[in-house]
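Here is a small set of exercises to work through with the model open beside you. Try each task before you read its solution.

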Amino acid sequence: MIKIMLLALMVSSSNPLEDDAYVFTEPYFSSISECQAYANFNIEIISKHLNIIFGGRKINNIYCIPEKQLQQFIENTNI
């Protein structure tokens, strides 16, 4: 079974050491369309959660991404 997860990328800050991504580990989904429907329906809740975590920084984009590709993304963006 493919495990699809939500990945939020924030607008880059002026501090290059700040994290710009957030992975929602729960819930996860079995299809991209299921994930997209959840994100669209719950965008206000997602935005409020990210607003608290990132201190008001704006969301650049939210992606629904298979877990395997997410792992590759994380490995490729680590400093």
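**Exercise 1. Decide whether Leu70 is buried or exposed, and find what surrounds this residue.**

Solution. Start with the accessibility: Leu70 has a relative accessibility of 2%, which is under the 20% cut-off, so this residue counts as buried. Keep in mind that we are working with a predicted model.

Next, place the residue in its element. Leu70 belongs to helix α3, which covers residues 67–77.

Now look for its contacts. If neighbours within four places in sequence are set aside, Leu70 touches Met5, Leu7, Val23 and Ile65. The C-alpha atom of Leu70 is also 9.0 Å from that of Ile4, although these positions lie 66 residues apart along the chain.

**Exercise 2. Work out the order of the elements along the protein chain and the order of the strands in the sheet.**

Solution. First, count: the protein chain has three helices and three strands. Read from the N terminus, they follow the pattern β-β-α-α-β-α.

Then go strand by strand. β1 and β2 are antiparallel and share five bridges; one pair to look for is Leu7 with its partner Val23 in β2. β1 is also antiparallel to strand β3 (residues 59–66), this time through seven bridges, and here Met5 has Ile65 as its bridge partner in β3.

Put the pairs together and you have an open sheet of three strands in the order β2-β1-β3. β2 and β3 are the edge strands with a single partner each, so each has one side without a neighbour in the sheet. On average, neighbouring strands are turned by 20° against each other, direction ignored.

**Exercise 3. Place helices α2 and α3 relative to the sheet.**

Solution. Take α2: this helix lies across β1, β2 and β3 and runs at about 140° to β2. Move on to α3, which packs on the sheet and also touches β1, β2 and β3. The direction of α3 makes about 125° with that of β3.

**Exercise 4. Find out which residues cover each side of β1, and which cores they join.**

Solution. A useful reminder comes before the details: in a regular strand, side chains alternate between the two faces of the sheet.

Apply this to β1, where seven of the seven residues are buried. Ile4, Leu6, Ala8 and Met10 are on one side, while Met5, Leu7 and Leu9 are on the other.

Now follow the first side into the largest nonpolar core. This core has 12 residues, among them Ile4, Leu6, Ala8 and Met10, together with others such as Phe24, Phe29, Cys35 and Leu50. Elements giving two or more residues to this core are β1 (4–10), β2 (21–29), α1 (32–41) and α2 (43–53). Of these, β1 gives the most, with four residues.

The other side leads elsewhere. A second, separate core of five residues includes Met5, Leu7, Ile65 and Leu70, which brings us back to the residue of Exercise 1.

For the chain as a whole, buried residues make up 25% of the 79 residues.

**Exercise 5. Locate the salt bridge and explain which parts of the chain it ties together.**

Solution. Searching the whole structure gives one salt bridge. Its partners are Asp20 and Arg57, with the closest N and O atoms 2.3 Å apart. Asp20 is in the loop between β1 and β2, and Arg57 is in the loop between α2 and β3, so the pair ties together parts that are 37 residues apart in sequence.

Compare the accessibility of the two partners. Asp20, at 26%, counts as partly exposed, whereas Arg57, at 16%, counts as buried.

One more step links this pair to the core. Beyond its neighbours up to four places away in sequence, Met10 touches both Asp20 and Arg57, and its other contacts include Leu50, Phe54 and Ile59.

**Exercise 6. State what share of the contacts is long in sequence, and describe the surface of the protein chain.**

Solution. Take the contacts with a separation of 6 or more: 70% of them are between residues 24 or more positions apart. For the surface, the accessible area of the protein chain is about 5,700 Å², and carbon and sulfur atoms account for 53% of it.

How values were computed:
Residues numbered from 1 in each chain as written. Predicted model: local features only at pLDDT ≥ 70, side-chain atom pairs only at ≥ 80, totals over all residues. Heavy atoms only, no water. Buried < 20%, exposed > 50% of the residue type's maximum accessible area, 1.4 Å probe, protein only. Contact = heavy atoms within 4.5 Å. Areas by Shrake-Rupley, 256 points an atom, 1.4 Å probe, with all protein chains shown as cover. Core = buried A, V, L, I, M, F, W, Y, C linked by side-chain atoms within 4.5 Å. Pairing = 2+ DSSP bridges. Salt bridge = Lys/Arg side-chain N within 4 Å of Asp/Glu carboxyl O. Axes fitted to C-alpha atoms, helices over the stretch in contact; angles between N-to-C directions.
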